[in-house]
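Let's take a walk through a protein model together, starting with the whole and ending at a group of aromatic rings. Please keep the 3D view open as you read.

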Amino acid sequence: MLNKSGAQPIAIDVVSMRMNTLEEIDLPVIGMTCTACARHIENRLNTLPGVQASVNYATESAHITMPAEVTIQNLVQAVRDAGYDAVAPDSGVTAEQAIADEVRKMRLHFWVSLGFATPVVLLSMIPALQFNRWQWVVFLFTLPVVTWGAWPFHRATLLNLRHGTATMDTLISIGVLAAFTWSTWALIFGGSGALDYKAEHGLGVMTDGMNMPALYFEVAAAVPVFVLAGRWFESRAKRRSSAAIRSLLSLQIADATVIADGVERLVPLDELKVNDHFIVRPGERVATDGVVMSGSSSIDEALLTGESVPVLVEPGSKVVGATINLDGRLEVRATGVGSQTKLSQIAQLVTAAQAGKAPIQRLADRVSAIFVPAVLAAAVITWLAWFLSTQDAQQSFTAAVAVLIIACPCALGLATPIALLVGTGRGAQMGIVIRGPETLEQSRRVNVMLLDKTGTVTTGKVQLRSITSAPDLSDTDVINRAAPIEQFSEHPLAKAIAAQPHVSVTVTDFQNFPGLGAKGHLGVDEVVIGRPSWVLAQTAQSEPQWFRVAVDEAQRFGLAQVAVANAGKLIGLITLSDTVRPTSAGAVKELISMGVHPVLLSGDNEVVARNVANQVGILDVIAEVTPEGKVEVVRTRQSQKFVVAMVGDGVNDAAALVQADLGIAMSAGSDVAIEASDITLVRNDLVAAVDALRLSRQTLRVIKGNLFWAFAYNVAMIPLAALSLLSPLLAGAAMAFSSVFVVANSLRLRRFTSLAHMRS
């Protein structure tokens, strides 16, 4: 092959071509109990050739990028080789069913263990209930808890031992077995002269006169119950947190009423194709994304936007699948089906965000990687230190077991993923789609927000105000030349002009000049339309007097101006105006109160842009800016050490959205802008952008709070346990409570409220 100059051959990059064949899959994983498990599975998957995997404990899934030669069965087998299980898409079992089965097993283990452990704890802790040889009863009741109830911990420990790794289960298993083994030995072979450590610490006394070491059957029985209870609570919380996405997808209907040649027929939704026309009757859900062809109605979009106010639609309006048609009959042309629909894309983005790992989680992952071996070493050192200093094997054992149990890093592992799960799920309910966990970090640092004017601060619903035509032409002549060209443009001003009644003609050689205008041929004549200064520069004539007067008049009233030239001569000036969103002023005020400096960007002239800025309270305005100029504005602010967020909705905003530290796109805008953004707003309102920033920051605050308390818990409790100031039983309860606390703290994000609702 030759390059564009025809001079040098170009080598084909075989590696790049192969990389293009990579596939992505989200594989549900069953049986994880902590982030160490997730890391172990992740490492095992990454040993497969060409596979890149990221395993998330909170979402119980592995996001995998793999070459075509790797099969699903290879992935499932790798997970099973690691000691866990995975649900293949073609297994006939859904991930929800598999996880539900796992939760049912956990619930069964909990209730049975609780039934046996309760009398053990009561007899061990309340001397008044003890009777002759009560220890043997306690032994018999503890046996099923240690063997069957705690079997999930023992099984995971054995599997991890086979691979030379250790997890939280290792600590639980060793602690429970150590307590049970010690107590059994003491019960059967307890010698004279041993210190009754329980009596000294008020943890129960011997009532049958046996002079034996203290028993810890209640520890062996209660700790598995505490841990199982904590995990059951975690599982329920995780399922409730991800219910937002499941409920969205469950709203999709099964059938659609397709109309062709005047005949209506009911077809399964998966048979619906792009450009098919379908009917939506009052009270029905819209089958899929589309454009209204005929009819008018009110659409309830609350499931996507969180807003209860219906949206009026008419011919030309876009509708989203699964929203509810409230009153009129609509005929809709399908523009997206299956995975192309807005609903599916939102679900995919949110799922990807929940499966990702925030940069702040890296610290927790690094700590978890060395935590379990460090705790095992700490337990051994604790035992040796106590034994060498006191020669008391029983007290040494008690302190070592307490260290093992109290140090389980459940809370540390849950701190980030559970908050991310709840936060992104709440965002989805409010029409805020956070693309990835890295977004949370960026939101905290943002101190400048660049706001595209049209469609962001304003409604984007532009209305034509006036047409000034050349002396020898009519207004109709101007529209008939301008509208056919503008129908190919995405800009709101162009759409308003294209919507005017006009003669339909063929356009050839269409060219778009973002931020300036467009060109095209109608027959042999070239039509140029766009910014007055640019259009004038494309013509060979000097500025006519009638044109100068029209421009000055439009500027005086702050109207947008679009000039039209035909065959090298100016033929008209079209003026249009946009309306400011009623909520924009309040959103700008909230941004300022959050320490974020708003800047208005606009391709319109200074007068138009300043007029809008004054209405919403923005002082910093940059007008007549091109798409390249918007990128340069972002770079300039970044060079000044500002962290920049960009809010936009059009193709001309895409480059700036990518360049910005945080890109926020309105979903009613172009697909290019949405793809380039970090956050997508289903609700087209500047308040939603502020809510996105508030929610991201609140989620990050919860994550930091979780991590602080998880670290503080271990930092405080491990020394207490090592100093023998914390019994193993209390250590088990405290360990379970720490996980419950982290989950409960994260669940507070479900109460996050939109700024609009707070003020209503």
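What follows goes from the overall fold to one aromatic pair and its neighbours.

Bear in mind that this is a predicted model. The protein has 760 residues, and 54% of them count as buried. Its secondary structure amounts to 29 helices and 26 strands. How do the contacts spread along the sequence? Taking contacts between residues at least 6 apart in sequence, 68% join residues at least 24 apart. On the outside, the protein exposes about 32,500 Å², and carbon and sulfur atoms supply 59% of that area.

Now for the aromatic rings. A search of the whole structure turns up 14 aromatic pairs. One of them is formed by F180 and F217, whose ring centres are 5.9 Å apart and whose planes meet at 65°. Why is this pair called edge-to-face? Centres within 6.5 Å make two rings a pair, and planes over 60 degrees apart count as edge-to-face, so the 65° between F180 and F217 puts them in that class.

Where do the two partners sit? F180 belongs to helix α7 (residues 168-189), while F217 is in helix α9 (residues 217-241). The pair therefore ties together parts that are 37 residues apart in sequence.

Are these two residues buried or exposed? The cut-off for buried is under 20% relative accessible area. F180, with 12%, is therefore buried, and F217 is buried as well, at 1%.

To finish, widen the view a little around this pair: F180 and F217 form one aromatic cluster with W136 and F139.

Definitions and conventions: Residues are numbered from 1 along each chain as its sequence is written. This is a predicted model: local features need pLDDT of at least 70, side-chain atom pairs count only at pLDDT 80 or more; totals for chains, interfaces and linings use all residues. Side-chain values use heavy atoms; hydrogens and water are left out. Rings of Phe, Tyr and Trp (its six-membered ring) pair if their centres lie within 6.5 Å; planes under 30 degrees apart count as stacked, over 60 as edge-to-face and the rest as tilted. Helices (H or I, at least four residues) and strands (E, at least two) are DSSP runs, numbered from the N terminus. Buried means under 20% relative accessible area, exposed over 50%, partly exposed in between (1.4 Å probe, protein chains only). Contact means heavy atoms within 4.5 Å. Accessible areas come from the Shrake-Rupley method with a 1.4 Å probe; for residues, only the protein chains shown count as cover.
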